[in-house]
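Visitor: I should like to go through this model with you and ask how each description is justified.
Guide: Please do; let us look at the structure together.

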Amino acid sequence: MQDPQKTRVTGRFWSPDKETDRIGEEFDADACDFCDRYKRRGLSKSSRLLLDFILDEGVQNRTVADLGSGAGGFSIELLKKGAASVIGVDLSSKMVEAASELARVSGFEGRAKFQVGNAAEAELPSSDIVIIDKVLCCYSDWRPLLKNAIDAGRTMVGFIVPRDQGLAKWPFRIGVRVVNIFQKRRGKILFYLHPLETLDRTLQDSGFTQQKRQGSRLWLVFLYTRAPTRA
Ligand SMILES: C[S@@+](CC[C@H](N)C(=O)[O-])C[C@H]1O[C@@H](n2cnc3c(N)ncnc32)[C@H](O)[C@@H]1O
């Protein structure tokens with residue numbers, strides 16, 4: 001009997017409940033590229049924008065949770081700028097290995113911990129700064145992921161999502177639809193353009209204020225802050 005959780009797509013079954021496995025496997029294959037790119041060129045333009053937003057608010061002695069930390073470049077940059085410690089969570093064990101090695105060779109082994117896990121479900125320590133850099137677009141269920149970030153984030157939540165606004169909106173939407181047809185056929189992970197207004201409302205309802213927002217060519221970069229009222 002056909003599993004009702006599975007959707008038949010042109011001769012193949014696409015199973016949403018295996019999404020986390022697929023994300024982990026696909027990004028395992030990319031871990032070396034991510035790490036090499038960071039070593040050669042540093043952070044991407046959009047990540048540098050988010051880093052600057054965070055630096056403007058102050059990073060000294062602050063704790064960081066990096067959700068979907070990838071090869072760890074963003075975390076390492078925050079540590080270089082004076083962050084107290086970082087915890088990174090990623091579904092890809094190869095990304096976690098690459099990030100841990102990067103922390104070791106950068107001299108931050110004692111202040112950075114990277115672990116395999118689903119950032120939408122992982123138990124996160126309360127952290128001053130939470131970042132979600134180009135991760136929401138890989139994961140279907142943005143609500144628990146953002147909620148986990150909000151619950152953990154004491155003063156800042158920064159995230160980067162595809163540029164699903166303004167003139168780029170329709171080309172992006174069409175492009176993502178087309179790409180997802182092929183991704184589904186190949187049983188690969190899908191790309192998501194989550195509703196930016198609902199993301200914004202969710203953050204505002206949780207006491208965050210949009211502090212900064214800027215677009216790069218392909219991405220939108222957001223920083224939300226809230227007054228540090230919690231211990
Ligand atoms: C496009 S990469 C970005 C990596 C890193 N943040 C950066 O900007 O270089 C997306 C990363 O998010 C991870 N990821 C996606 N969904 C996740 C989830 N629900 N929990 C943890 N990691 C996730 C993937 O494994 C991958 O390493």
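Visitor: In what sense do β7 and β9 pair, and over how many bridges?
Guide: This is a predicted model. In it, β7 and β9 are antiparallel partners, joined by 7 bridges. Two strands count as paired once at least two bridges are found between them, so the 7 bridges here satisfy the criterion. One such bridge sets valine 161 against leucine 220 in β9.

Visitor: What makes β6 and β7 a pair?
Guide: Strand β6, residues 127–133, is joined to β7 by 6 bridges, and the two run parallel. With at least two bridges required, the 6 bridges make them a pair. Isoleucine 129 stands opposite methionine 156 in β7.

Visitor: Which order do the strands of the open sheet take?
Guide: The 7 strands follow the order β5-β4-β3-β6-β7-β9-β8, with mixed pairing. At the edges stand β5 (112–116) and β8 (209–215); each has a single partner strand, so one side of each lacks a neighbour in the sheet. From one strand to the next the twist averages 15°. Helix α5, residues 142–152, packs on the sheet and touches β3 (63–67), β6 and β7, and its direction makes about 150° with that of β7.

Visitor: What joins β8 to β9?
Guide: There are 6 bridges between these antiparallel strands. The two strands form a hairpin with 3 residues between them. Within the pair, arginine 213 has phenylalanine 222 of β9 as its bridge partner.

Visitor: Why is β9 said to be largely enclosed?
Guide: Strand β9 spans residues 219–225, and 7 of its 7 residues are buried, so the rest of the structure largely encloses it. Trp219, Val221, Leu223 and Thr225 point one way, while Leu220, Phe222 and Tyr224 point the other way, and all are buried.

Visitor: Why is valine 157 called buried or exposed?
Guide: The threshold for a buried residue is 20 or more other C-beta atoms within 10 Å. Valine 157 has 26, and is therefore buried. Valine 157 lies in strand β7, residues 153–162. Beyond four places in sequence, valine 157 touches Val130, Ala149, Ile150, Leu203, Phe208 and Tyr224.

Visitor: How far from valine 157 is alanine 65, in sequence and in space?
Guide: They are 92 residues apart in sequence, and their C-alpha atoms are 9.5 Å apart. Alanine 65 belongs to strand β3. With 28 other C-beta atoms within 10 Å, alanine 65 is buried. Neighbours within four places aside, alanine 65 is in contact with Ile87, Leu124, Pro125, Ser127, Val130 and Ala152.

Visitor: What makes the phi of asparagine 61 worth a remark?
Guide: Most residues other than glycine have a negative phi. Asparagine 61 is not a glycine, yet its phi is positive, near 60°. Asparagine 61 is found in the loop between α2 (45–57) and β3. A residue is exposed at 12 or fewer other C-beta atoms within 10 Å; asparagine 61 has 10, and is therefore exposed.

Visitor: Is lysine 134 buried or exposed, and why?
Guide: Lysine 134 has 20 other C-beta atoms within 10 Å, and is therefore buried, given that the buried class begins at 20. Lysine 134 is found in the loop between β6 and α5. Although not a glycine, lysine 134 has a positive phi of about 55°.

Visitor: What makes helix α3 mostly covered?
Guide: Of the 8 residues in α3 (residues 73–80), 7 are buried. These are Gly73, Phe74, Ser75, Ile76, Glu77, Leu78 and Leu79. Just after α3, glycine 82 takes a positive phi of about 115°.

Visitor: Which residues come nearest to the ligand?
Guide: Among the 22 residues around the ligand, the nearest are Phe27, Gly68, Gly70, Ala119 and Asp133. By class, the shell has 12 nonpolar, 7 polar and 3 charged residues. Helix α1 gives the most to this shell, with 3 residues.

Visitor: How confident is the prediction for the protein chain?
Guide: The chain averages a pLDDT of 91, and 91% of the residues score at least 70. Over residues 1–16, however, pLDDT stays under 50. Where pLDDT is low, the predicted coordinates should not be read in detail.

Terms used: Residues are numbered from 1 along each chain as its sequence is written. This is a predicted model: local features need pLDDT of at least 70, side-chain atom pairs count only at pLDDT 80 or more; totals for chains, interfaces and linings use all residues. Helices (H or I, at least four residues) and strands (E, at least two) are DSSP runs, numbered from the N terminus. Two residues are in contact if their C-beta atoms, placed from the backbone, lie within 7 Å. Axes are lines fitted to C-alpha atoms, for helices over the stretch in contact, and angles run from 0 to 180 degrees between N-to-C directions. pLDDT is the predictor's confidence in each residue, from 0 to 100. A residue is near a molecule or strand if its C-beta atom, placed from the backbone, lies within 6 Å of it. Ala, Val, Leu, Ile, Met, Phe, Trp, Tyr, Cys and Pro count as nonpolar, Asp, Glu, Lys and Arg as charged, and the others, Gly among them, as polar.
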